[in-house]
Amino acid sequence: MKNETVEKAKADVKKGIAEAKKTGAYVKADAKADVEKAKASFGKSDVEKKVAYAKADINAAAEKGMADVKNKMAHAKADLEKTKAEHRK
């Protein structure tokens, strides 16, 4: 019983870490997009700015999507570990 509780706690910690990594990836993606947008605002035509803004937003969305996938995989693995712990009785 004690081992099961420890294994479940470990799985919960892994989920928490996955959430923190996801949040960090979101912040990083947004910051990166903001930097690209700032770079685009200097000495470029309106069309070039719009293209650069769109590209920055698309790249940020892709990075966030990857973070979501990694987060879901980490949660699935943690849930599997919890299930294994429950059935080791």
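Six residues of helix α2 are buried in this predicted model: Ala 56, Ala 60, Ala 67, Asn 71, Ala 78 and Ala 85. They pack against helix α1, which covers residues 2-40. The protein has two helices and zero strands.

The relation also holds from the other side. The cover over the buried residues of α1 includes α2. Those buried residues are Glu 4, Glu 7, Ala 11, Lys 15, Ala 18, Ala 29, Ala 33, Lys 37 and Ala 40. The list thus holds charged side chains, Glu 4, Glu 7, Lys 15 and Lys 37, along with alanines. An α-helix has 3.6 residues a turn, so residues three or four places apart point the same way. In α1, the buried set includes Glu 4 and Glu 7, and also Ala 29 and Ala 33. In α2, the buried set includes Ala 56 and Ala 60, and also Ala 67 and Asn 71.

Both helices have the length expected of them. Helix α2 runs over residues 46-87 and holds 42 residues. At 1.5 Å a residue it should span 62 Å. Its end C-alpha atoms lie 61 Å apart, which agrees. Helix α1 has 39 residues. From first C-alpha to last, α1 reaches 57 Å, close to the 57 Å expected at 1.5 Å a residue.

The overall dimensions were computed next. Along the principal axes, the C-alpha trace spans about 65 × 15 × 5 Å. The radius of gyration is 20 Å, whereas a compact globule of 89 residues would have one near 12 Å. Of the 89 residues, 17% count as buried. The accessible surface comes to about 6,600 Å². Carbon and sulfur atoms account for 62% of that surface. Charged side chains number 23 positive and 15 negative. The centres of the two sets lie 4 Å apart.

Contacts were then examined by separation along the chain. Among contacts between residues at least 6 apart in sequence, 77% join residues at least 24 apart. Individual residues show where such contacts fall. Glu 7 is one example, placed in helix α1. Its relative accessible area is 17%, under the 20% cut-off, so Glu 7 counts as buried. Leaving out residues up to four places away in sequence, Glu 7 touches Ala 85 and Arg 88. Ala 85 is itself among the buried residues of α2.

Ala 18 also belongs to α1. Ala 18 is buried, with a relative accessible area of 9%. Beyond its neighbours within four places in sequence, Ala 18 is in contact with Asn 71, Ala 74 and His 75. Within the chain, Ala 18 and Glu 4 are 14 residues apart in sequence. Their C-alpha atoms are 21 Å apart in space.

Asn 71 gives the view from the partner helix. This residue is found in α2. Asn 71 is buried, with a relative accessible area of 8%. With residues up to four places away set aside, Asn 71 touches Ala 18, Glu 19 and Lys 22. The contact between Ala 18 and Asn 71 therefore joins two residues that both fall under the 20% cut-off for burial.

Other positions in α2 are less covered. Leu 80 lies in this helix. At a relative accessible area of 47%, Leu 80 is partly exposed, because the value falls between the 20% and 50% cut-offs. Leu 80 and Ala 11 are 69 residues apart in sequence, yet 8.7 Å apart in space, C-alpha to C-alpha. Val 69 is likewise placed in α2. Val 69 counts as partly exposed, at 47% relative accessibility. The C-alpha atoms of Val 69 and Lys 14 are separated by 15 Å, and the two residues are 55 apart along the chain.

Lys 55 also lies in α2. Its relative accessible area is 55%, over the 50% cut-off, so Lys 55 counts as exposed. Next along the chain comes Ala 56, one of the buried residues of α2. The C-alpha atoms of Lys 55 and Ile 17 are separated by 30 Å, with their positions 38 residues apart along the chain.

How values were computed
Residues numbered from 1 in each chain as written. Predicted model: local features only at pLDDT ≥ 70, side-chain atom pairs only at ≥ 80, totals over all residues. Heavy atoms only, no water. Helix = DSSP H or I, 4+ residues; strand = E, 2+ residues; numbered from the N terminus. Rg over C-alpha atoms; globule rule 2.2 N^0.38 Å. Buried < 20%, exposed > 50% of the residue type's maximum accessible area, 1.4 Å probe, protein only. Contact = heavy atoms within 4.5 Å. Areas by Shrake-Rupley, 256 points an atom, 1.4 Å probe, with all protein chains shown as cover. Charge placed at Lys NZ, Arg CZ, Asp CG, Glu CD. Expected span 1.5 Å × (residues − 1).
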